[in-house]
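Take a look at the model below. The report then starts from one residue and works outward.

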Amino acid sequence: MADRQKLRALYAKATSTLDRWSAAHKCASGLFASAVSVIERLPVMADDARFGVLADSFPDLPARTRVAQAEALHRVLESLQEEMRTFHALVGVLEKTHKDASALLSASNPKAAGAVRLGPTPSPAEAVAGLQDLWRLHRDEASLKTALVREIHCDADAAQLAEASALFTAQPNLDPEETRAVVLRAEALGVADLDASPRKKESR
C-alpha cells in the first residue's frame, strides 16, 4: 500500500506551497493595482495646463513628473514580473509534488492497495487525485494571471484595466472551498496514521 506518511509529507509540502502562493498573490495584487493607478494618471499629466501656475514657476515640472511616473510604472512592472515568475515556479512545485505522489502510488504493493480506504479516510488514490487537482487549478490560474498582466500598457483603457485588476485579485480558478476540501484529505491521512500507530494500538 502506498505509504500514507509519505503522502502526508507531500501534502504538507503542497500546503506550504499554497501559503507561498497566497503571499505572492497579495503582493502581486497590490502591484497590479498600483500599475493601474499610474496608468490612469498618465493622460492627466500629458496636459501641461493641468499643472496650472506651478508650470509657470517650474517650466520643467510637467516633463519631470511624467518621467517620474514612467519610472515608477517601470519599477512596479518589474516587481510584478518577479511575482509572476514566483507563481509559475510554485505551479512547478505542485506539479512535481503530484508526480512524486503518483510514483508512490504506482509503487504500492499490491497495486490495488492504493484504492483502499481506511474507514472515512481517503484512499491513497484519492489523496493523489487531490494533489493533481491543486496543481491543475493553480496552473490555470497562473495562465490567467499571465494573460491579465499582458494587458498592462500605457495606452490601455483605464476601465478595462480596472476590471482586469479585479479579476486578477479574485482568482476565479481557485475556489477556496474546493482547495480546503483537498487540504482536508491531508488532515484525514494524519488521523489515519495516528489511529494505526503501534502506540495507539497498545493503549486500546
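## A buried glutamine

Gln171 has a relative accessibility of 12%, so this residue counts as buried. The cut-off for that class is under 20%. The model is a predicted one.

Gln171 sits in the loop between helix 5 and helix 6 (176-196). Which residues does Gln171 touch, leaving aside its neighbours within four places in sequence? The contacts are Trp21, His25, Glu141 and Lys145. Two of these names, Trp21 and Lys145, return below in ring contacts.

## Aromatic pairs

How many aromatic pairs does the structure hold? The count is 2. One joins Trp21 and Phe87. Their ring centres lie 4.6 Å apart, and the planes make an angle of 50°. That geometry is classed as tilted. Trp21 belongs to helix 1 (residues 4-45), while Phe87 belongs to helix 3 (residues 61-106). The pair links distant parts of the chain, with the two positions 66 residues apart in sequence. Trp21 and Phe87 are both buried.

Phe32 and Phe168 also form a pair. Here the centre-to-centre distance is 5.0 Å and the angle between the planes is 45°. This pair is tilted too. Phe32 is in helix 1 and Phe168 is in helix 5 (residues 158-170), so the pair ties together parts 136 residues apart in sequence. Are these two rings buried or exposed? Both Phe32 and Phe168 are buried.

## Charges over rings

Phe168 has a further partner. The charged end of Lys145 sits over the Phe168 ring, 3.9 Å from its centre. Phe168 thus appears both in a pair with Phe32 and beneath the charge of Lys145. Lys145 is also among the contacts of Gln171.

A second case involves Arg139. This residue lies over the face of Trp135, at 5.2 Å from the ring centre.

## The chain as a whole

What elements make up the protein chain? There are 7 helices and 0 strands. Read from the N terminus, the order is α-α-α-α-α-α-α.

The protein chain has 204 residues, and 38% of them count as buried. Among these are Gln171, Trp21 and Phe87, and Phe32 and Phe168. Contacts between residues at least 6 apart in sequence were also tallied. Of these, 81% join residues at least 24 apart. The accessible surface of the chain comes to about 11400 Å². Carbon and sulfur atoms account for 56% of that surface.

Terms used. Residues are numbered from 1 along each chain as its sequence is written. This is a predicted model: local features need pLDDT of at least 70, side-chain atom pairs count only at pLDDT 80 or more; totals for chains, interfaces and linings use all residues. Side-chain values use heavy atoms; hydrogens and water are left out. Rings of Phe, Tyr and Trp (its six-membered ring) pair if their centres lie within 6.5 Å; planes under 30 degrees apart count as stacked, over 60 as edge-to-face and the rest as tilted. Helices (H or I, at least four residues) and strands (E, at least two) are DSSP runs, numbered from the N terminus. Buried means under 20% relative accessible area, exposed over 50%, partly exposed in between (1.4 Å probe, protein chains only). A charge sits over a ring if NZ of Lys or CZ of Arg is within 6 Å of the ring centre and within 35 degrees of the ring normal. Contact means heavy atoms within 4.5 Å. Accessible areas come from the Shrake-Rupley method with a 1.4 Å probe; for residues, only the protein chains shown count as cover.
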